[in-house]
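User: Please take a close look at one part of this model. I want the strand pairing, the buried polar site and the charged pairs, with cut-offs.

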Amino acid sequence: DWLIDPIHPSKYLGNKALFKLSSQLGGKHRFVGSYYFEDQAFPEGPDAFNLPETINTEKARTDQWTLLYSFQIKNNAFLELKYSGWRTADDYLPSLGGDINDPVIYDGYTGISSGAPRWNWQGKMGRDQANANFTYFAQDFLGGDHDFKVGVQYTHGTSEWVGGYSGGKVIYLYDGYPYYQYEYNPFMYGAASNNIGAFVDDSWTIGGRLTVNLGLRFDHNDGSVPSWFVYDGWVKTSARVPGLDRIINMNVFAPRFGLAYQLTSDHKTLLKASYGRYYEATRHDAWSYPGPAVSDYSVSTWDGEGWVPWYTIP
């Protein structure tokens with residue numbers, strides 16, 4: 001970008017690594033473990049309208065791990081257990097001399113921002129998931145061959161953020177003269193979610209030409225907002241705001257049906273048909289912000305001697 005100050009060039013930095021270990025014990029037991037991490041930094045660059053003290057750098061680190069165990073009970077029966085999780089820490093804070101406790105100053109006549117970055121955040125997210133699947137092949141059973149599969153799944157996710165204006169306020173000037181003051185103190189927001197799912201599938205082969213796939217899945221999803229701390233500026237106090245339980249509470253069934261029929265004996269002409277019902281997964285963005293701990297948003301005007309409250313959005 002040719003507009004970036006050459007004294008403060010933007011340079012994105014990142015490191016990634018993956019470690020994996022597999023172990024086969026005899027002919028029936030298999031263990032797989034993996035660990036992955038990445039850390040990244042995305043610095044912004046100052047320019048003629050955004051002075052160095054207003055610049056932020058976003059830094060993030062993610063750790064992810066997986067443990068998998070599979071057991072071949074016998075030739076036609078197979079068990080798989082899996083656990084996976086990840087954690088991410090992400091912040092967006094001043095990087096070129098700005099102070100998160102100083103107010104933001106913006107001049108609408110010159111278009112220049114100074115004082116401190118407008119918005120900052122610090123956050124962390126994570127998820128844990130456990131799965132268990134059992135597969136069984138039944139030959140010459142109920143008029144054909146069946147490949148049965150049943151499974152259960154549990155997922156727990158959390159997100160926790162703190163965001164707000166530097167110094168809790170933005171001062172709007174026009175050619176150096178004060179006009180407005182916007183106040184929006186830092187506050188916590190985020191969410192928690194749980195999912196419990198179970199499914200059963202059957203791939204049923206009838207004769208030499210027809211295969212029918214039947215399945216049914218059930219999911220329970222619930223989402224809440226935990227009890228958050230109250231912030232005084234960018235300092236966390238001991239006071240808390242009550243959380244909100246069961247904002248999301250869904251119990252859904254999702255059927256599946258499919259068939260494949262070979263119209264000709266040479267296997268060159270195939271008829272396929274399928275039907276399924278699907279539900280979107282719950283996402284914290286749907287209910288995590290602004291949340292019950294959100295700060296009041298207040299606007300004041302300058303009367304020549306001081307700031308006079310104009311209105312507040314509670």
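Analyst: What follows starts with the whole chain, moves to one run of paired strands, and ends with the salt bridges.

This is a predicted model, so the filters come first: local features need pLDDT of at least 70, side-chain atom pairs count only at pLDDT 80 or more, and totals for chains, interfaces and linings use all residues. Residues are numbered from 1 along each chain as its sequence is written, and side-chain values use heavy atoms, with hydrogens and water left out.

The protein chain has 18 strands and zero helices. Both are DSSP runs numbered from the N terminus: helices are H or I with at least four residues, strands are E with at least two. The C-alpha atoms fill a box of roughly 90 × 45 × 40 Å along the principal axes. The radius of gyration is 28 Å, whereas a compact globule of 314 residues would be near 20 Å. That radius is taken over C-alpha atoms, and the globule rule is 2.2 Å times the number of residues to the power 0.38. Of the 314 residues, 31% count as buried. Buried means under 20% relative accessible area, exposed means over 50%, and partly exposed lies in between (1.4 Å probe, protein chains only).

Now the strands around strand 11. Strand 11 (residues 187-206) pairs with strand 8 (residues 145-165) in the antiparallel sense, over 19 bridges. Two strands pair if DSSP finds at least two bridges between them. Within this pairing, Asp147 has Ser203 of strand 11 as its bridge partner. Strand 11 also pairs with strand 12 (residues 210-225), again antiparallel, over 15 bridges. Here Asp201 is matched with Gly215 in strand 12. Strands 11 and 12 form a hairpin with three residues between them. Gly207, in the turn, has a positive phi of about 65°.

Strand 12 also holds Asn221. Asn221 is buried, at 9% relative accessible area. Its side chain makes a polar contact of 2.8 Å with the side chain of Asn195. A polar contact is a pair of N or O atoms within 3.5 Å; within protein, one must be able to donate a hydrogen and the other to accept it, and residues adjacent in sequence count only if both atoms are side-chain atoms. Leaving out residues up to four places away in sequence, Asn221 touches Asn194, Asn195, Ile248, Asn249, Met250 and Thr282. Contact means heavy atoms within 4.5 Å.

Next, the charged pairs. The whole structure has four salt bridges. Each is a side-chain nitrogen of Lys or Arg within 4 Å of a carboxyl oxygen of Asp or Glu. One of them joins Arg87 and Asp128, with the closest N and O atoms 2.9 Å apart. This pair links distant parts of the chain: Arg87 is in strand 4 (residues 77-94), Asp128 is in strand 7 (residues 119-138), and they are 41 residues apart. Arg87 is partly exposed at 36% relative accessibility. Asp128 is also partly exposed, at 21%. Another salt bridge joins Asp63 and Arg61, at 3.0 Å between the closest N and O atoms. Asp63 is buried at 17% relative accessible area, while Arg61 is partly exposed at 34%. Glu280 and Arg283 also meet in a salt bridge, 3.1 Å from N to O. Glu280 is exposed at 58%, and Arg283 is exposed at 55%.
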